[in-house]
Amino acid sequence: MSVTGAIDGGAGTVPFIVTPVGRVMGAEISGVDLSKPFDDAVRDAILDALNAHQVLIFPDQDLSKEAQVAFTMRFGEMEQHVARNYDGKTFGDVHLVSNLDPEGNPTKTPRSSGNFFWHTDKSYHEIPSLSTILHAITIPPQGGGTQFANMQLAYEALPEEMKEKIAGLRAVHSWEASRNNTFNRPATEEQKKERPPVVHPMVRTHPGTGRKTLYVGTHTSHVEGMPVGEGRALLYQLLDFATHPRFQYTHYWKEGQVVMWDNRCLLHRAAADFEMDKYTRLLHRTVVRGTKPY
Ligand code: OGA
Ligand code: MN
């Protein structure tokens with residue numbers, strides 16, 4: 001099914017075609033050139049589509065880093081990144097997601113393996129991310145997908161006893177826990193100071209739709225006020241349930257695509273299902289800050 005909308009954007013009518021792609025989320029949006037300025041009506045229509053479909057795929061975008069930053073800033077404040085490149089420097093506004101070693105060659109053991117684990121971006125911040133935007137620069141011939149799990153559907157599918165059990169519970173999220181949970185180098189003292197642990201409700205309300213959604217993932221360490229082991233077990237039980245294939249969509253990339261996803265109600269991870277030591281996978285990443293979960 002395709003929905004064609006003609007949006008009167010003040011400066012004229014903007015063609016906008018929304019074609020749902022996945023069984024549980026995802027829509028392709030065509031007819032928008034993200035490198036050009038667009039008015040608020042188009043921005044709002046993109047946000048409406050994000051609320052409705054959670055993952056938006058914009059094909060064939062010729063987007064410089066500067067244009068990606070400008071596009072991102074239409075949706076809110078830009079996030080900065082904790083992770084550093086090989087040279088120890090920050091990435092600036094556009095973070096490179098790649099499997100490249102310091103010499104620029106593809107490797108099975110890239111700088112960070114955090115992306116291979118289910119997470120929602122920057123949940124270790126007091127104010128986590130609304131959306132992440134990736135622009136595919138170089139994509140391997142097969143595989144290299146990104147998997148998403150719909151936390152709204154997962155929440156709705158939980159048994160009533162579990163919904164009652166977790167109502168009002170809060171999980172502790174931190175950069176330190178994230179590094180420990182993902183077989184990464186431990187967080188440095190400086191990083192721990194820069195990103196102290198935060199707590200978020202395990203069930204949050206999506207500010208755009210009013211739907212309840214699970215809010216967990218590998219940035220969590222334990223549940224506030226619960227013995228650590230018991231809380232971790234509960235978090236992993238929920239993560240396991242919520243990432244069942246029936247809640248998943250896997251996006252296979254094409255070069256030039258821009259994908260924008262909703263971190264408020266999705267978990268995601270890189271599939272790592274390609275020959276990582278043979279082919280390059282490179283994407284440009286920007287992140288929009290959201291609002292405090294409630
Ligand atoms: C990210 C991320 C997954 C991927 O950029 O936040 O988790 O498939 N990426 O690269
Ligand atoms: Mn991520």
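In this predicted model, ligand 1 is surrounded by V97, N115, H119, D121, L134, T146, W261, H268, A270, R281 and R285. Sorted by character, that shell comes out as 4 nonpolar, 4 polar and 3 charged residues.

Three side chains in the shell make polar contacts with oxygen atoms of ligand 1. For R285, a side-chain N or O atom sits 2.8 Å from a ligand oxygen. D121 puts a polar side-chain atom 3.0 Å from an oxygen of ligand 1, and for H119 the corresponding side-chain N or O distance to a ligand oxygen is 3.2 Å. On its own, ligand 1 would expose 290 Å², and the protein buries 100% of that area. As for where ligand 1 sits, the space it takes up is the largest cavity.

Then there is the metal. The manganese ion (ligand 2) is held by NE2 of H119, OD of D121 and NE2 of H268, with distances running from 2.1 to 2.2 Å. Along the sequence, these donor residues follow the spacing H-x1-D-x146-H. The D121 and H268 pair ties together distant parts of the chain: D121 is in the loop between β5 (95–98) and β6 (129–138), while H268 belongs to strand β15 (residues 266–270), 147 residues apart.

The two sites share residues: H119, D121 and H268 coordinate the manganese ion, and H119, D121 and H268 are also among the residues around ligand 1.

How values were computed:
Residues numbered from 1 in each chain as written. Chains lettered and ligands numbered in written order. Predicted model: local features only at pLDDT ≥ 70, side-chain atom pairs only at ≥ 80, totals over all residues. Heavy atoms only, no water. Near = heavy atom within 4 Å. Polar contact = N/O pair within 3.5 Å; in protein donor to acceptor, adjacent residues only side chain to side chain. Areas by Shrake-Rupley, 256 points an atom, 1.4 Å probe, with all protein chains shown as cover. 1 Å grid on protein atoms, 1.4 Å probe; cavity = no way out; pocket = protein on both sides within 12 Å on 5 of 7 lines; lining within 4 Å. Sits in = over half its atoms within 2 Å of the grid points. Nonpolar A, V, L, I, M, F, W, Y, C, P; charged D, E, K, R; others polar. Donors = N, O, S within 2.8 Å, 3.2 Å for Na, K, Ca; no water. Helix = DSSP H or I, 4+ residues; strand = E, 2+ residues; numbered from the N terminus.
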